[in-house]
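User: Please take a close look at the salt bridges of this protein. I would like to know which side chains pair, where they sit, and how much of each remains accessible.

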Amino acid sequence: MRTGSTPDAELYDLSQQHFEMADRLVLQAEQDSNHKLISFILVYFFILFLSIIIFLIVNKRNQRKLETAISTDKLTGLLNRAGFEPAAANLLRQQAKSKFVIVAFDIDNFKMINDSIGYVQGDQLLCALASALKNWKDGNYLCARLDADDFVLLAETDEALIPELQDILEHTTKAQVFLEPFGGVGFTYGAYQTQNNAELIKTVMDKAKMAHKAAKAAADKSLVWYDGQLLEKLTQERKLKEQLQHALVNEEFELYLQPRVELSNLRIVGAEALVRWELPGQGILYPDSFIPLFEENGSIADLDFYMLKKVCVYLHNRQEQGQELFPISVNFSRVTLYYRAFYETFHSIIDQYAIPHDCIEIEVTESAFNDIADIVLQMLNKLDEEGFPIAMDDFGSGYSNMNLLGSLPLRIIKLDKVFLQDADIHDRVKGIIICAVELAHPAESIR
């Protein structure tokens, strides 16, 4: 352009070529930039997608672990209540045409085992039982540990089911060397056969637990089935529970006296107060049928003081008629002894009828004295000092603690008949009785 040697047309063409090259460079730069941006976005979303997948997998795994932890008993590895209920409901729903049996069972005196040999060995026993149950057999069955030593099993109906269950549990306990001092460990079972797999699992479990509770209450049974007979019994108990307070108000509980006779001259020297429920329309009910109901609903103290008042009225009437008085023993439950106002309530009844203190014997079963609180012991000592004889009933019926004889303010000890059954046959039993008498020498009488 400076020299003028290049034609204008050629210069124009060259300038156009340069513009086109510049445009291509800008376009190429834009395309490269777009490609980089798209690549970055793709990589970003790929990493994001991959992270989400990994998060979901890890979260799912953690959720399964959490669900397993929530539904599994940590000690034994069996299902717990939270895991058993939905699993059992699902099994019943899937096997709608099959019949199932649910069994609730526990270890007899498991607390004593824990207290005697320690919780470590107790846990070892629970784990051994759980392992045996998990590896028991093939087929549709579930087992769970609900609480402490309470287990539940759901399995298809089979006549050999419970005998096999009993055998495997017995075999497992016999294999535990540390249980040898106990001479064997027993189990108590409550069972229910489902009638309809559409029943709520909570209802099914409740029926098995009610049967188990009935078996625990029955001294001569280790297995109870939930059936029409048990339902009738439970229904009767429920009706009786509803009438307890009404019966107290209407004084339907009657006083019966069991005399104590001096064998040398056949003279009545005392009596024991017995209670009978004269239920309108049903006749006379014995204590075994209603005392546990009072203990269960927490109103046993009402019945105990009711009977004390009945005894005081009887003695007061004899006193008014100029008849000779004699001591009468009145039973008090452990719950009543721990009643906060026991001392005041007891004295208010005695003082109301002006009964001589030596005519009322405070009778308590041996088991009630075990682990007795200091405050209760102090109260009994005070009553003893006031002239009320303290009597221990059923001595020898359980694990008798000879130390009790020396530490309690006992004037009367009643040996249980079970303790005396073999006295004439075995000299050892007779020697134990003599030993008990010697230890109880401070007591005024032994019957």
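Analyst: In total, 14 salt bridges are present in the structure. The model is a predicted one, with a mean pLDDT of 85 over the protein and 86% of the residues scoring at least 70. Confidence is highest in strand β4 (residues 187-193), at a mean of 96, and lowest in strand β13 (residues 445-446), at 47.

One of the salt bridges joins K111 and D115, whose side chains meet at 2.9 Å, N to O. Both residues belong to helix α3 (residues 110-117), and because they are 4 residues apart there, about one helical turn separates them. K111 is exposed, at 62% relative accessibility, while D115 is partly exposed, with a relative accessible area of 48%.

A buried setting is found for the salt bridge between E199 and K207, in which the closest N and O atoms are 2.9 Å apart. The cut-off for burial is under 20% relative accessible area; E199 has 19% relative accessibility and therefore counts as buried. K207, at 17%, is likewise classed as buried.

A further salt bridge connects the side chains of K213 and E296, at 3.4 Å from N to O. This pair brings together distant parts of the chain, since K213 lies in helix α6 (residues 201-217) and E296 in helix α8 (residues 291-297), 83 residues apart. The relative accessible area of K213 is 51%, which makes this residue exposed; E296, at 45% relative accessibility, is partly exposed.

Salt bridges also occur as a network, which links D106, D108 and K216.

For context, other side-chain contacts can be set beside these charged pairs. There are 19 aromatic pairs. Among them is the pair of F187 and Y189, which is tilted, with 6.4 Å between the ring centres and 35° between the planes. Both F187 and Y189 are buried. Elsewhere, F305, F332, Y339, F342, F346 and F388 make up one aromatic cluster.

The count of disulfides is 0. For C359, the closest cysteine sulfur is that of C312, and at 9.8 Å it is too far away for a bond. C359 is itself buried, with a relative accessible area of 7%, and C143 also counts as buried, at 9% relative accessibility.

Finally, the surface carries a nonpolar patch whose members include L37, F40, Y44, F45 and I57, and the patch as a whole has about 1,200 Å² of accessible area. F45 is placed in helix α1 (residues 8-71).

Note on methods:
Residues are numbered from 1 along each chain as its sequence is written. This is a predicted model: local features need pLDDT of at least 70, side-chain atom pairs count only at pLDDT 80 or more; totals for chains, interfaces and linings use all residues. Side-chain values use heavy atoms; hydrogens and water are left out. Patches are made of residues with over 30% relative accessible area and no salt bridge: like charges are joined within 9 Å, nonpolar side chains (Val, Leu, Ile, Met, Phe, Trp, Tyr) within 5 Å. Accessible areas come from the Shrake-Rupley method with a 1.4 Å probe; for residues, only the protein chains shown count as cover. A salt bridge is a side-chain nitrogen of Lys or Arg within 4 Å of a carboxyl oxygen of Asp or Glu. Helices (H or I, at least four residues) and strands (E, at least two) are DSSP runs, numbered from the N terminus. A disulfide is a pair of cysteine sulfur atoms within 2.5 Å. Buried means under 20% relative accessible area, exposed over 50%, partly exposed in between (1.4 Å probe, protein chains only). Rings of Phe, Tyr and Trp (its six-membered ring) pair if their centres lie within 6.5 Å; planes under 30 degrees apart count as stacked, over 60 as edge-to-face and the rest as tilted. pLDDT is the predictor's confidence in each residue, from 0 to 100.
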